[in-house]
Amino acid sequence: MSNEQNIQINLANIPQLLAHAIALENEASERYADLADLMEAHNNYDVASLFKKMSGIEQLHVNHIQEMVKRHRIKALPTVTYHWLSPEGPETTDTTDLHYLMNPRQALKLAMYNEQRACDYYANIAAHTQDEETRRLAQELSAEEAEHVGMVRVWMDKYPEPEADWDQDDDPPFQPD
Amino acid sequence: MSMTAETVNKPTPADYRSGIKPIWCPGCGDYSVLLEITKALATLELRSEEVAIISGIGCSSRIPAYSSCYGFHGVHGRALPVATGLKVARPDLTVIATGGDGDGFSIGGNHFLHACRRNVNITYIVMDNQVYGMTKGQASPTTDPDWDSVLTPGGTGIRAFQPLVIALASGANFVARGFAGDPAGTTNMIIEGIRHPGFSFIQILSPCATFRPDQREWRNMVREAPVPFTNDPSRAANRIMTDDGFNIGILYRGDRPPYETGRKGTPRDIDTIAEEFSV
């Protein structure tokens with residue numbers, strides 16, 4: 001029950017920003033991997049495969065940010081309490097937005113929403129930090145996320161819109177204990 | 001993650017997950033509750049071996065398998081007797097019972113009443129989706145009387161069970177209602193429930209994406225309870241009976257002493273006990 005629009009994220013320095021960046025990409029990657037497993041258990045292999053790919057892509061983003069840590073000659077990232085705009089990291093998929101019959105286009109729509117939230121999150125930091133270097137890096141990260149939004153949109157457009165009755169199932173899952 | 005040593009030593013929610021992959025339907029609220037329980041345990045910094053998660057039967061009762069804590073996936077409706085027995089025998093453990101509305105309020109309804117009454121220091125988390133999901137969507141005790149479905153055309157016409165009020169009337173010492181899609185609020189509620197002495201009952205509204213797609217709307221319907229919790233059970237009951245079922249938060253914190261667990265009386269050797277039964 002949070003009001004994202006009223007929250008201002010004020011990070012003091014680059015190590016704090018990169019600690020948040022790694023945490024949010026890791027959380028996103030782990031969530032996509034979990035969701036891939038759920039989809040596989042329900043025989044939705046197209047979406048399972050897509051979520052696995054997304055998990056891998058987020059892991060590449062973790063590596064990318066770890067390179068930034070090295071580039072800034074940071075020996076160890078600080079211990080921080082993470083400040084998000086919502087209860088979970090901005091790239092973490094909301095688990096209640098899913099359905100076992102969803103198609104890849106619907107899944108990519110969620111991914112695009114996540115990338116947009118990450119873009120907005122870094123923009124929020126850029127707008128509120130007092131440190132000029134941190135602002136520049138937050139803007140850089142926000143721009144990268146905006147680029148991801150565009151890439152996911154192109155990917156999404158390769159898939160058709162779902163049929164009107166896409167979630168109708170005459171024989172829904174039976175889960176023996 | 002290359003954090004400092006302090007960060008590495010603190011438990012993370014992932015430390016409380018087993019390697020078993022959940023098979024809940026994508027979109028199921030129970031998955032969120034699993035994450036919320038693991039977040040609560042990490043915040044409390046309990047070790048896995050200090051916690052036991054006990055369940056009955058149903059979708060939500062799968063949780064022990066997905067956790068690295070001690071677990072017991074038991075008999076339908078019987079999570080609470082097992083949890084009670086365990087806590088009495090091993091008061092050092094943090095005991096959490098989990099399950100669904102059918103398991104807890106129908107098959108295990110009688111155990112629910114008496115667990116509240118005994119006030120043993122355990123936390124009972126019920127993932128309430130108002131349907132028997134695992135067996136394909138029959139109406140449960142908390143289903144609204146007018147829920148129209150293939151299996152209950154026109155609805156059951158039967159008044160829904162009111163678990164929070166029943167818990168209060170029966171003597172539960174902590175009563176709360178959460179929503180699976182509110183990770184921060186529900187995690188905090190679980191933490192507070194575990195910390196509070198005595199029987200803590202937490203009803204978590206947990207949407208069933210497959211058999212109750214209408215529950216997707218719950219996210220727009222839940223709201224924080226407009227007043228803080230009370231320690232007066234009659235006032236709490238009045239508030240609960242007059243809300244629409246979507247006020248979430250800690251609603252009642254009692255101060256009734258919990259049932260005293262651990263060994264009572266003087267230990268006797270087995271021969272003395274056997275002598276009493278000799279014929």
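Here are legends for a few close-up views of a predicted model.

**View 1. Strand 4 of chain B, a mostly covered strand.** This strand takes in residues 123-128, and six of its six residues are buried. Look at how the side chains split up: Thr123(B), Ile125(B) and Met127(B) head off one way, while Tyr124(B), Val126(B) and Asp128(B) go the other. Whichever way they point, these residues are all buried, Asp128(B) included.

**View 2. Strand 4 of chain B alongside strand 3 of chain B.** Strand 3 covers residues 94-100 and runs parallel to strand 4, with five bridges joining the two. To find your place in this pairing, start from Gly100(B), which sits opposite Met127(B) of strand 4.

**View 3. Strand 4 of chain B alongside strand 8 of chain B.** Here the partner is strand 8, residues 200-205, and the pairing is again parallel, this time over six bridges. Met127(B) turns up once more, now with Ile204(B) of strand 8 as its bridge partner.

**View 4. Where chain A meets chain B.** On the chain A side, 26 residues make contact, and they touch 33 residues of chain B. Sorted by class, chain A brings 14 nonpolar, seven polar and five charged residues to this contact. For the model, the scores are ipTM 0.82 and pTM 0.88.

**View 5. The start of chain B, residues 1-8.** Go easy on reading detail into this bit: pLDDT stays under 50 across residues 1-8. The model gives this stretch 11 contacts beyond four places in sequence. For chain B as a whole, the mean pLDDT is 93, with 95% of residues at 70 or more.

How values were computed. Residues are numbered from 1 along each chain as its sequence is written. Chains are lettered from A and ligands numbered from 1 in the order in which they are written. This is a predicted model: local features need pLDDT of at least 70, side-chain atom pairs count only at pLDDT 80 or more; totals for chains, interfaces and linings use all residues. A residue is buried if 20 or more other C-beta atoms lie within 10 Å of its own, exposed if 12 or fewer, and partly exposed in between; C-beta atoms are placed from the backbone. Helices (H or I, at least four residues) and strands (E, at least two) are DSSP runs, numbered from the N terminus. Two strands pair if DSSP finds at least two bridges between them. pLDDT is the predictor's confidence in each residue, from 0 to 100. Two residues are in contact if their C-beta atoms, placed from the backbone, lie within 7 Å. Ala, Val, Leu, Ile, Met, Phe, Trp, Tyr, Cys and Pro count as nonpolar, Asp, Glu, Lys and Arg as charged, and the others, Gly among them, as polar.
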